[in-house]
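Q: I am new to this structure and would like a close look at a single part of it. Could you walk me through one helix and its buried side, and then show me what else is worth seeing around the chain?

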Amino acid sequence: MATRLVGRDVELAALTKALDAAEAGQGRVVLLSGDAGIGKSRLAAQVLAEAEARGFAVLRGQAHALHVGLAYAPIVEAVRRHLATAPDPGWLLEGLADLGRLLADPRLPAVPPVGDPGLERTRMFEAVTRLVRRIAGRAPVLVFVDDLHWADRGTVELLHYLGRGVLDERVLVLTGYRPSETTSALAELAKAVRRATPDAEIELGPLTDEAVGELVAGLGGQAPTPELLRRAKGVPLFVTALAGATGPLPAIVRDVVLGRLHRLDEPERRLMELVAVLGDNGSAEVLRAAWEAGDFWLSLRALLADGLLIEQVGGQQVTYRVAHPLYAEVAYAELTVGERRRLHAELAVIIDRVLPGDVFALAPHIRDAGGLVDANRAIEVMTEAGKRALAVFAAEESTLYLGAALTRARETGRADLLPALLDWLGRAHQGAGDLEAAAVAWREGAKLAGPALRGELNHRLSMLESERGNAAAAHEYARGGQPSSLETIILHLIFAIRHGDKAEVATMLGRLRAATEHDESDAAKAALHYGRMLEATFADDFATAREETLRSLEYAERVEAESPIHVQGAHRLLVGLSMLAGDLPAAVEHAKEHSTRLGPFEMPSGQCSGQYSLATAYYLAGALDEAMREIDVGVAIARRNGLARSLSRSLTCRALILAEQGRLTEAAACVAEGEGCYPTGDTGTTALADLARTVISLHSGRTAAAPPSVESRMRNEQLVVTLRLLLTGLAGLAAGDREAALRASAGLREDGATAPLLDALADRLDGLLQPSAELLELAADRLEAMGAKLLSAQARLEWAELAEDKTAAIACLEAFEQVSAAPWADRARRLARSLGVRVPAGRRVGTLSGREWQIVGLVGDGLSNADIAARLFLSERTVETHLRNSYAKLGLGSRVALARWAVEHGST
């Protein structure tokens, strides 16, 4: 069964227009051109089907590679097929004796030669033209000849003559051909047709990625993988052959590619092989240095003109690449293993000379040259390439180079290199999300390493096992050696803070001071100010902590390329410190920086941490839908990589957002799942869970279920620092425990001496305790100025309840509905009604849940239901349900309208 035609709307419209013109008596020739497999025949089949449905007489012929020596074979096929089914063939042939020069038919009389071959051909051409006109007298005609590039010269000339002879007839002449395989006659025909009618040639290019997705879906597959998109590059034949295929390249694809390669002359074939082996590094300088046979520039121009190579200009450098990745793949596969290794070794020598220091250009050839390159040089280059790949977040590429370097080191007995290589390979596996492979590498490295590196590897293992929820293993590794480098001291410090080990925190801070006080390097100064930030934080001096972190960031940015841990860490800390300073817009900006700066030292937990930071910043800024969107990404990353701690934190943060949206059952389930996947807990995750439970208890009216506030000086969760005492006080007031509320207020006021946000929250709690409308209004104004819109609206509503202010009640209702804060919206609605204001019930049209917002946003990005389901780990049925709900809430009736709405409202 033919696949559905996709991605050809523009071309199909042009051909449909040509059919319309033919029906109106405006005959013409249309050329359909494109490379092999691009979909010419599929598009033509659609047009032929349309023509037949309209009542056209269709004369169809096809040239074949073996027909090159057969004169007029496609025309004979087309005419003979039509005569076989025509109701009155005798009438059609009457008086057209010269047709006998084209085909043998008993109804045609014998035609004597006239002694002039040119005249005989002209009379035969005219007979064919008159036959087509007769057919067009009964019905419009479509003459189609496919693969015209394989036809003989006579066929091409006959079609040209026919096209000129039916300009005022109901006739469309359509041909399909490959420009890269044109004969001189076909090139002349194409030139004449284009000159007569500029839009008479329709060139088919590759399909867009979206169209490829539709094509693959039509084949019963899932969304196309990035690898399929890269290899097929929009060629429909390649897409259909590769979709779902495993193992060797499908024969049909290989045959198409080899068909083009085998037509090349030897010098051109040699140049194609060189470019295929070079990959993305085919600079003119390197190619010219490697060239051995024939005129380099002549062969290069031939391949460019043939569409097999493309030229790219970047700055001062010109590079050449194979136009389609499968052409490079097949050309490379045609070489023997020995030929490949020899070419890689030769190119390695040339690149080393022509592009000194370009490790990324050199490393693939060093790796694939096998034993033809000095082992020590190979290890050196591949190790450096692996490190650099990791520095630009290409973790999977890094594992390939470092793994190859490790193999060569083992083969050549370089035991002295193994510990460091295993360290770097573990980092690469960690960055790629393969935590078990990272652990295997580090465990082996720790056995082989000296004391200093062993200590670092054990601390890496402790962090990894902590992330995976293996508390006993994490503590065992943490005791397994002394950290020596700044990076490892900081990792150990983070581990100690995470698990609430105050004595170890003090010890590590002392080591950090000792390691940095007399070191004038920028990395050391960044670490020194990081340590001072921690000391200030533990002393509740949040203003000084922020200043120290900003200084740490200043130094860290100078050495970001070598040590990105300090930059990412500084931005992460500045999220919470900016919150406490009352600068929520700055907190959001730092969170964005944190989420996009993922250093190679980080596990995928770094990505989760970035999404968590951004979600918490949005949460406190009152952008609940945006917060939900970000934390859902973090949850997906944590699930995919088996990160128990990150998943627990992300789920608990999600529970907070759900609770504020009034989705209390879902919120409670998130908290329970978070605790279940990371039962060992730590100070931060435990405090987060308590915080979520308190919000759920407040909104459910079951304040007796609120967990008690537990004092902690570890301060590693700024969201907890911000909300712990406020929520404890609110829960105390709701439960009638005034003493608990007074203690919470005093704690907020004390901490608020250097944290304006906490001081404003103290005003709010004191306003409820006294009660004082003035304090509540002051708190609302202060919080609004800080950018904490949700907290401000809450204080404003509490003020409106005391002041019985109708206008404020309505304003609060609008604010809460805008950010989907359903429980607070319900409270504002009850107040407005008690004051005599008529307000509608429930969510206003146009406000979506967090999940609906997320799905609608992805629709706006152009993703299909299947893509969205895969991205969010949902079923397609669930996605469809959310979309239908969104249609109803927004008053829209189609996916297109929903996508437009998403684009227009995506920032709200």
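A: Happy to! A residue counts as buried when its relative accessible area is under 20%, and as exposed when that value is over 50%. Please keep in mind that this is a predicted model.

Let us go to helix α33, which covers residues 664-677. Helix α33 has 14 residues, and the distance from its first C-alpha to its last is 20 Å, close to the 20 Å expected at 1.5 Å a residue. Its buried residues are Leu-664, Ala-667, Cys-670, Val-671 and Gly-674. Looking down the axis of α33, you would find these buried residues within an arc of 115°, so they line one face of the helix. The spacing has a simple background: an α-helix has 3.6 residues a turn, so residues three or four places apart point the same way. On the face of α33 turned away from the buried side sit Thr-665 and Gly-676, which are exposed.

What covers the buried residues of α33? The cover includes helix α32 (644-660) and helix α34 (683-700).

Helix α34 deserves a look of its own. With 18 residues at 1.5 Å a residue, α34 should span 26 Å, and its end C-alpha atoms are indeed 26 Å apart. Its buried residues are Gly-684, Thr-685, Leu-688, Ala-689, Leu-691, Ala-692, Thr-694, Val-695, Ile-696 and Ser-697. Just after α34 comes Gly-701, with a positive phi of about 80°.

Now step back to the whole chain. The protein chain holds 45 helices and seven strands. Its C-alpha trace spans about 120 × 80 × 40 Å along the principal axes. Of the 908 residues in the protein chain, 55% are buried. Among contacts with a separation of 6 or more, 65% are between residues 24 or more positions apart. The chain exposes about 38,400 Å², and carbon and sulfur atoms supply 52% of that area.

For a contrast to the helices, try strand β1, residues 28-33. Six of the six residues of β1 are buried. In a regular strand the side chains alternate between the two faces of the sheet. In β1 both faces are covered: Arg-28, Val-30 and Leu-32 are buried on one side, and Val-29, Leu-31 and Ser-33 are buried on the other. Strand β1 also has pairing partners. With strand β4 (residues 171-177), β1 pairs in the parallel sense over six bridges, and Ser-33 stands opposite Tyr-177 there. With strand β5 (residues 201-203), β1 runs parallel and is joined by three bridges. The bridge partner of Leu-32 in β5 is Ile-202.

Charged side chains make another good tour. A search of the whole structure finds 55 salt bridges. One of them joins the side chains of Arg-153 and Glu-188, at 3.5 Å from N to O. This pair links distant parts of the chain, with Arg-153 in helix α6 (residues 153-165) and Glu-188 in helix α7 (residues 184-196), 35 residues apart. Arg-153 has a relative accessibility of 41%, so it counts as partly exposed. Glu-188 is partly exposed too, because its relative accessible area is 46%.

A salt bridge within a single helix is found between Arg-269 and Glu-273, at 3.9 Å from N to O. Both residues lie in helix α12 (residues 266-278), four residues apart, which is about one turn of the helix. Arg-269 counts as buried because its relative accessibility is 17%, and Glu-273 is buried with a relative accessible area of 16%.

Arg-829 and Glu-817 also form a salt bridge, with their closest N and O atoms 2.6 Å apart. Here too the pair links distant parts of the chain: Arg-829 belongs to helix α41 (residues 822-834) and Glu-817 to helix α40 (residues 806-818), twelve residues apart. Both Arg-829 and Glu-817 are buried.

Finally, look for a network of salt bridges that links Arg-749, Asp-759, Asp-763, Asp-766 and Arg-782. If you then return to α33, you can again find its exposed residues Thr-665 and Gly-676 on the face turned away from the buried side.

Technical notes
Residues are numbered from 1 along each chain as its sequence is written. This is a predicted model: local features need pLDDT of at least 70, side-chain atom pairs count only at pLDDT 80 or more; totals for chains, interfaces and linings use all residues. Side-chain values use heavy atoms; hydrogens and water are left out. Buried means under 20% relative accessible area, exposed over 50%, partly exposed in between (1.4 Å probe, protein chains only). Helices (H or I, at least four residues) and strands (E, at least two) are DSSP runs, numbered from the N terminus. Two strands pair if DSSP finds at least two bridges between them. The expected span of a helix is 1.5 Å times one less than its number of residues. The arc is that of the directions from the helix axis to the C-beta atoms. Contact means heavy atoms within 4.5 Å. Accessible areas come from the Shrake-Rupley method with a 1.4 Å probe; for residues, only the protein chains shown count as cover. A salt bridge is a side-chain nitrogen of Lys or Arg within 4 Å of a carboxyl oxygen of Asp or Glu.
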